[in-house]
Amino acid sequence: MPTNSETSTVLIVENDALLRLTTAELLESWGHAVIAAGDAAEAFALIEAGIESGARPDFALLDIRLGPGPDGISLSCTLRERWNILSIFVSANLQGEDLAQAIRTGPLHILRKPFTESDLRRVMAFARETLTDIPFDFDQERLWRKPGGGDAAP
């Protein structure tokens, strides 16, 4: 969890190197720590190295379409299952079944490309606020249950 309500450690997984770099620089200028990767394999290696040294991302900012290998939706599921890391999806063209599949994974948010600095700042504030309300060892099944039973998943 973030050490305070203002900053987080963010994993960015974006195959567009320029967008990855500019997003990382912007988040770092706001005081966030950033772990940036171009694909899922690189992200896994960076997370495991960070965990070994006592650091882990608070959440991930994931491009949906990462090119060869797992897409952002699959990556999000793995991050949640292995490390309880929640995700924010970023996509230029998310609709139909892709959108439904993304929503079913329970992202913190979906941010449409191109996004502005104020869009990113708003989503970051929302993510920090949400993470503050979720215990580190949250039971993800509990998040999907409606009060009184039943499944709340979309």
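The buried residues of helix 5 (under 20% relative accessible area, 1.4 Å probe, protein chains only) are L120, V123, M124, A127, R128, T130 and L131. They lie on the same side of helix 5 because they cover an arc of only 165° around the axis, taken from the directions from the helix axis to the C-beta atoms. E129 and T132, on the other side, are exposed, that is, over 50%.

This is a predicted model, in which local features need pLDDT of at least 70 and side-chain atom pairs count only at pLDDT 80 or more, while totals for chains, interfaces and linings use all residues. Residues are numbered from 1 along each chain as its sequence is written, and side-chain values use heavy atoms, with hydrogens and water left out.

Helix 5 spans residues 117-132 and reaches 23 Å from its first C-alpha to its last, close to the expected 22 Å. Its buried residues pack against the following elements, with contact meaning heavy atoms within 4.5 Å.

| Element | Residues |
|---|---|
| strand 1 | 9-13 |
| helix 1 | 17-29 |
| strand 3 | 59-63 |
| strand 4 | 86-91 |
| strand 5 | 109-112 |

Helix 1 and helix 5 pack at an angle of about 60°, with axes 12 Å apart. T23, L26 and L27 of helix 1 meet E117, L120 and M124 of helix 5 in this contact.

Two loops hold backbone features. In the loop between strand 5 and helix 5 lies P114; the peptide bond from K113 to P114 is cis, with omega near -10°. N84, in the loop between helix 3 (72-83) and strand 4, has phi near 55°, a positive value in a residue other than glycine. Most residues other than glycine have a negative phi, and most peptide bonds are trans.

Conventions: Helices (H or I, at least four residues) and strands (E, at least two) are DSSP runs, numbered from the N terminus. The expected span of a helix is 1.5 Å times one less than its number of residues. Axes are lines fitted to C-alpha atoms, for helices over the stretch in contact, and angles run from 0 to 180 degrees between N-to-C directions.
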